[in-house]
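User: I would like to learn how to read cysteine pairs and helix packing in a model. Please take one feature at a time.

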Protein chains: 2
Amino acid sequence: MAVSAKPEIAFIGLGAMGFGMATHLVKQGYAVTGFDVWPPTLERFRAAGGNTASTPAEAVRGRDYVICMVATAAQAQSVLFEGEHPALAALSEGASLLLCSTVPCAYVQNLEAQLVEKGRGDVLLVDSPVSGGATRAADGTLSIMAGGSDKALEKGRFLLQELSDTSKLYIVAGGIGAGSNMKMVHQVLAAVKILATSEGLGFAQHLGLDLGYTYESIQNSNASAWMFGHRGPRILSEFKPIASAIIIILKDAGIITSEALRVGFSTPMTGTAEQVYLSSIGRGYGADDDSSLIRLYTEGLKDSVSVLNEDDKAKKLALVQGLLRGIYLCGTAESLAFAKRCQLDLDQVYDLCINAAGGSKVFETVGPEIIDLFRGKQTVTEAKGESLQDVATQLQEAVAEAQRLKMPLYLGTEASNLIRLALQHTPDQAEPLPRATIAKVWAV
Amino acid sequence: MAVSAKPEIAFIGLGAMGFGMATHLVKQGYAVTGFDVWPPTLERFRAAGGNTASTPAEAVRGRDYVICMVATAAQAQSVLFEGEHPALAALSEGASLLLCSTVPCAYVQNLEAQLVEKGRGDVLLVDSPVSGGATRAADGTLSIMAGGSDKALEKGRFLLQELSDTSKLYIVAGGIGAGSNMKMVHQVLAAVKILATSEGLGFAQHLGLDLGYTYESIQNSNASAWMFGHRGPRILSEFKPIASAIIIILKDAGIITSEALRVGFSTPMTGTAEQVYLSSIGRGYGADDDSSLIRLYTEGLKDSVSVLNEDDKAKKLALVQGLLRGIYLCGTAESLAFAKRCQLDLDQVYDLCINAAGGSKVFETVGPEIIDLFRGKQTVTEAKGESLQDVATQLQEAVAEAQRLKMPLYLGTEASNLIRLALQHTPDQAEPLPRATIAKVWAV
């Protein structure tokens with residue numbers, strides 16, 4: 001396709017993610033008209049080769065493709081329907097509207113209904129949240145989870161392809177809402193693991209371990225995780241740069257827990273993480289990088305690094321690994337059980353999550369076993385290799401040690417109690433159980 | 001019995017509780033020899049008519065009755081067995097040893113074994129933790145939960161009677177450890193309700209309710225509780241007087257969660273409370289009155305009281321009530337399920353708890369239904385009156401509102417997730433379920 005043949009794009013919401021996505025499209029030769037409420041951003045966007053508009057209506061008028069990448073459902077509602085110059089009034093007949101913001105499934109389904117109600121059933125809505133961070137946004141290599149009608153997906157696909165990595169564009173069956181649900185279950189993993197990074201390294205600090213050593217050792221072990229790999233270094237560099245504010249993951253956690261409430265699904269791991277995020281808001285930490293949550297674990301701690309012999313170091317490191325692996329196991333089960341509840345394709349969820357920010361060694365290895373369990377394929381009563389009781393034992397050693405150190409382990413304690421619930425409901429606890437058995441807490 | 005005929009008593013540990021108990025015995029005409037590591041206390045005790053000793057051995061030598069009321073198991077171990085002049089060496093043949101401290105079941109059982117091992121199986125140990133606070137200690141009207149051999153209970157009974165209210169001396173079947181288990185399951189209620197008071201009133205403050213109005217209204221409703229009645233006023237008087245420090249309930253929560261770990265029982269409600277207690281330690285709040293935990297909910301909050309019309313006030317008050325009642329329901333279930341796990345007499349547990357610091361309207365009404373459920377008597381499938389779903393709905397309204405207010409509700413969120421777990425495992429969620437169904441999360 002010649003450059004001149006590329007369609008014009010309206011782009012609403014030029015924040016950290018949106019700016020990267022929009023400028024990437026500019027670089028690919030699209031004429032992009034951007035809108036944002038923050039004027040300096042518009043100036044930057046013009047400098048990057050984009051056009052700008054002063055209202056949502058002006059941005060979308062006459063354009064066949066509209067991408068909305070605002071921060072929240074409330075903002076999406078506002079730019080589309082509210083104010084003096086909402087986008088709705090100016091949307092072209094049959095326009096593609098790609099909502100890339102992370103919003104509750106309920107919101108995007110409601111948006112579809114609103115369009116119909118207002119006589120704009122012609123708009124080809126795509127529910128297409130993204131994942132991957134600002135760098136991948138600017139490179140056009142995001143993960144994208146897209147749901148919608150066949151017609152809408154067909155028309156919008158080239159744009160989704162421009163913005164995503166070839167192997168990371170997921171067309172999610174189930175229509176409008178399915179993309180958002182896919183993102184949501186991924187964010188269960190993200191919300192739990194962001195806090196787990198602080199909990200694990202905060203615990204390491206109380207144990208007197210050197211954090212650099214701990215970080216390297218964990219990432220080279222079966223307790224490794226994508227989030228730990230990203231937040232860990234920011235903890236080591238005093239929570240700089242501010243790459244992802246606490247309020248961002250709080251918002252995503254809120255989507256998970258409010259959707260869970262709505263459909264009557266239990267999310268104890270995400271709920272625990274959310275409460276800690278909320279407690280940081282009262283402290284005035286909301287705009288800080290989420291790696292700074294370690295402060296909630298280390299305050300009042302005086303000595304940070306002890307002189308330890310190799311044997312002590314190895315034992316203490318094992319405690320941190322046991323903590324993280326117990327948390328990740330429960331996070332994995334909560335995420336996949338919620339995916340099942342949302343009737344998502346579990347293989348697709350797995351494929352998405354192992355390659356995205358929610359991934360970890362534990363998710364990678366135990367995920368397939370949990371999916372088998374949900375499908376009734378789990379006929380082995382004996383655990384192959386590591387059992388649920390093994391995970392419990394290691395986690396509980398960490399929890400008991402934290403109790404001695406008088407420090408909180410919010411997620412570790414929650415995970416430990418969930419595993420005990422699973423074991424309490426198992427007739428013969430003495431037999432080693434597969435780790436996947438934990439998922440029975442959520443779904444029978 | 002003439003005054004002169006009363007036996008001499010050794011009393012080890014003259015803290016807030018022990019001092020009151022020991023001076024009460026002095027007033028009843030006993031010759032009491034006290035020991036404590038804190039010299040000013042000994043001076044006060046002499047001024048109150050007691051005798052004092054400078055070592056544990058000196059206190060117990062030649063005396064047939066020894067009461068130990070130190071703060072922790074570690075302190076009990078120390079005064080009995082460690083140091084230069086431990087009590088053990090000087091204990092009379094066949095002496096009564098009443099351990100009134102709150103300690104883990106495992107500790108007091110281990111103490112019994114240690115005595116046998118050291119050739120002192122003759123000592124008549126009674127496992128007799130108390131409840132009721134310093135005022136009742138000084139009045140001789142404590143609740144006491146006593147376990148031990150028939151012979152030990154027979155010999156020590158008059159002393160237990162002196163220290164307790166007539167109707168509040170519970171002889172707990174099951175030998176050494178049973179008294180401590182009884183106290184422990186009561187403390188599940190206490191640990192959850194101490195934090196719930198701060199959570200409820202902290203939520204009220206975010207809602208713009210006047211705390212005095214809220215306190216009165218709650219205590220005159222079906223959301224009332226003994227702890228709320230005691231901690232509430234101290235919240236209103238700026239956490240004064242310091243009647244019970246955070247470290248005290250933290251210690252008791254630690255006994256619960258470590259015993260739960262040991263026996264493989266899940267205590268998510270107590271575990272959640274414990275993490276919040278632990279977080280306050282890092283903040284330097286440990287020695288403050290436990291009513292001051294409200295600070296963990298209200299920090300960063302600017303306006304405290306809004307002008308509300310009666311309708312708004314009633315609606316907001318209902319949210320606080322819904323929160324507390326949901327928390328109390330789950331606390332009740334956790335406590336009774338743990339009691340069942342410890343093979344305690346559930347009728348006795350119930351009788352103890354309704355008359356003690358752990359009591360509440362919710363415990364009083366739902367407790368018998370849960371006990372019936374555990375005994376397989378629950379044959380009604382329809383809820384009489386309020387259903388579990390009703391409790392869930394009201395609790396979830398509170399949780400959703402707190403989410404909007406961006407404040408944490410640690411216990412409320414935990415309770416909400418536990419109720420949803422219970423409902424997820426119920427084949428037909430649409431039918432109203434008895435509130436007692438929540439207990440199925442812990443025990444099937």
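User: How many disulfides does a search of the whole structure find over all chains?

Analyst: A disulfide is a pair of cysteine sulfur atoms within 2.5 Å. The search finds zero over all chains. This is a predicted model, where local features need pLDDT of at least 70, side-chain atom pairs count only at pLDDT 80 or more, and totals for chains, interfaces and linings use all residues. Side-chain values use heavy atoms, with hydrogens and water left out, residues are numbered from 1 along each chain as its sequence is written, and chains are lettered from A and ligands numbered from 1 in the order in which they are written.

User: Why is A:C105 without a bond?

Analyst: Its closest cysteine sulfur, in A:C342, lies 7.0 Å from the sulfur of A:C105, too far for a bond. A:C105 is also buried, at 5% relative accessibility (buried is under 20% relative accessible area, exposed over 50%, partly exposed in between; 1.4 Å probe, protein chains only).

User: Which cysteine sulfur is closest to that of B:C68?

Analyst: That of B:C100, 8.2 Å away and too far for a bond. B:C68 has a relative accessible area of 0%.

User: How are α12(A) and α18(B) oriented?

Analyst: Two packed helices are described by the angle between their axes and the distance between the axes. Here the axes of α12 (residues 246-263) of chain A and α18 (residues 388-405) of chain B come within 11 Å and cross at roughly 160 degrees. α12(A) is therefore roughly antiparallel to α18(B) (angles over 145 degrees, under 35 being roughly parallel, 65 to 115 roughly perpendicular and the rest oblique).

Methods: Axes fitted to C-alpha atoms, helices over the stretch in contact; angles between N-to-C directions. Helix = DSSP H or I, 4+ residues; strand = E, 2+ residues; numbered from the N terminus.
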